[in-house]
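Work through the exercises below with the coordinates open, and try each task before reading the solution that follows it.

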Amino acid sequence: MNRIISTSVLALAVVAAASCSGGKKNQEAAPAAMAAEENLPLVATATASVAEVPQVETYSSTVEAFAINNIAPQAGGRIESIKVDVGSFVAKGQLLATMDRAQLDQAYLKLVNDSTELSRLKSLYEEGGLSKSDYDAVEMAYNVSRRSYNNLLENAYLRSPISGVVTARNYDKGDMYGGAPIFVVQQITPVKLLVSVSESDYTKVKIGNGVTITADALPGKEFTGKINKIYPTMDAATHTFVTEILVSNGDRALRPGMYAKVTVEFGVDSSIVVPDQSIVKIQGSGQKCVYVLQDDGTVKLTLVKVGRQVDGSYEILEGLNEGDVVTTKGSSSLKDGVKVKVSDRQ
């Protein structure tokens, strides 16, 4: 009987000792687990969602004159007078300069003589006193004289073929014309800008689409224009095509040579968006990625194709699905597969 009691007491003592030992281990393990969790990278997260993203793109360009004319006579001669100067605004058909009239006067006298002779012989031809071949020869001579005179008249009195501004004057009164244009006239109402657009937007660009233009030289001013022409070929090196933007420029504020920014809107797309803080650039490759939170608390590095940036968010063209949870704060220090702790504060 005493032996049985002693055995029971011994068994109870062993169980008690084991319980104390286990409790001690659990007490030691709990702080270790807490410490390990506290050492996990702390991140904030956001959910990829679908939103309406305006398809807006901004391009750099330079203002150009809509048309440029070099004003010069057809043949050499002395410049008798200069009517305008650099900076002068001229109308279409306005007289700009006059050339020496010596050849013009000679051509006029010949035209008068040929006209008189034609009138005299016409009566004779109608009365039957002159053959048709002789009459045709006189008439042809008159027509040649008339064309020669009109050509010399046009080149003796130089007029602007367009309305615009004189941007260059290369001669003075009394100079002999020597090859370079006497004037350069540029049409600046309207002006044009040439913009190289990515081939990915080729189907979105339409003639007549509205655009917005700003110029660094004119802060605070905004101009509207439209796509006037789409060039038919692509640049094989840059994979872009050229569009011509037309701006009415009624106040002549935009001048050729000004640096400008052209904003083109291609419509609105429904796209997946994530906060811009979630986008991480992979060093050395130029690729962009996000870290997607997994069910086991780890993150997966996921390559994405990024579109436009709008209001603190990036459009994601490839790589994510709606509802994916991505990290935002703390993303730059993460690695693929690491376990993270999600902050309660976003």
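The exercises go from the whole chain to one strand and then to two pockets, and they concern a predicted model.

**Exercise 1. Describe the overall make-up of the protein.**

Step 1. Begin with secondary structure, which comes to 3 helices and 19 strands.

Step 2. Turn to burial and surface: 32% of the 346 residues count as buried, while the protein exposes about 20700 Å², of which carbon and sulfur atoms supply 51%.

Step 3. Consider the contacts between residues at least 6 apart in sequence, among which 72% join residues at least 24 apart.

**Exercise 2. Establish which strands pair with S9, and in what sense they run.**

Step 1. Locate strand S9 at residues 183-198 and check its burial; 12 of its 16 residues are buried, that is, under 20% relative accessible area, and the strand is accordingly described as mostly covered.

Step 2. Follow S9 to strand S3 (residues 49-71), to which it is joined by 8 bridges in an antiparallel arrangement; here Phe183 of S9 stands opposite Ile71.

Step 3. Examine strand S8 (residues 164-169), which pairs with S9 over 4 bridges, again in the antiparallel sense, with Val165 standing opposite Gln186 in S9.

Step 4. Add strand S12 (residues 240-247), which runs antiparallel to S9 and is joined to it by 8 bridges; Thr243 in S12 is the bridge partner of Val195.

**Exercise 3. Characterise the lining of the largest pocket.**

Step 1. Take the volume, about 220 Å³, and then the 14 lining residues, of which Ala75, Gly76, Asp100, Gln103 and Leu152 are the closest to the centre of the pocket.

Step 2. Assign the lining to elements: helix H2 (102-126) and helix H3 (132-156) each supply at least two residues, and the largest share, 4 residues, comes from H3.

Step 3. Sort the lining by chemical class, which gives 6 nonpolar, 6 polar and 2 charged residues.

**Exercise 4. Carry out the corresponding analysis for the second largest pocket.**

Step 1. The volume of the second largest pocket is about 160 Å³, and its lining includes Gln55, Glu57, Ser198, Asp269, Lys305, Arg308 and Glu315.

Step 2. The elements that give two or more residues to this lining are S3, strand S16 (299-310) and strand S17 (313-318), with the largest share, 3 residues, coming from S16.

Step 3. By class, the lining of the second largest pocket divides into 1 nonpolar, 4 polar and 7 charged residues.

Step 4. Link this result to Exercise 2: S3, which contributes to the lining here, is also joined to S9 by 8 bridges.

Definitions and conventions: Residues numbered from 1 in each chain as written. Predicted model: local features only at pLDDT ≥ 70, side-chain atom pairs only at ≥ 80, totals over all residues. Heavy atoms only, no water. Buried < 20%, exposed > 50% of the residue type's maximum accessible area, 1.4 Å probe, protein only. Pairing = 2+ DSSP bridges. Contact = heavy atoms within 4.5 Å. Areas by Shrake-Rupley, 256 points an atom, 1.4 Å probe, with all protein chains shown as cover. 1 Å grid on protein atoms, 1.4 Å probe; cavity = no way out; pocket = protein on both sides within 12 Å on 5 of 7 lines; lining within 4 Å. Points joined across faces, edges and corners; volume = space filled by probe spheres on them. Nonpolar A, V, L, I, M, F, W, Y, C, P; charged D, E, K, R; others polar.
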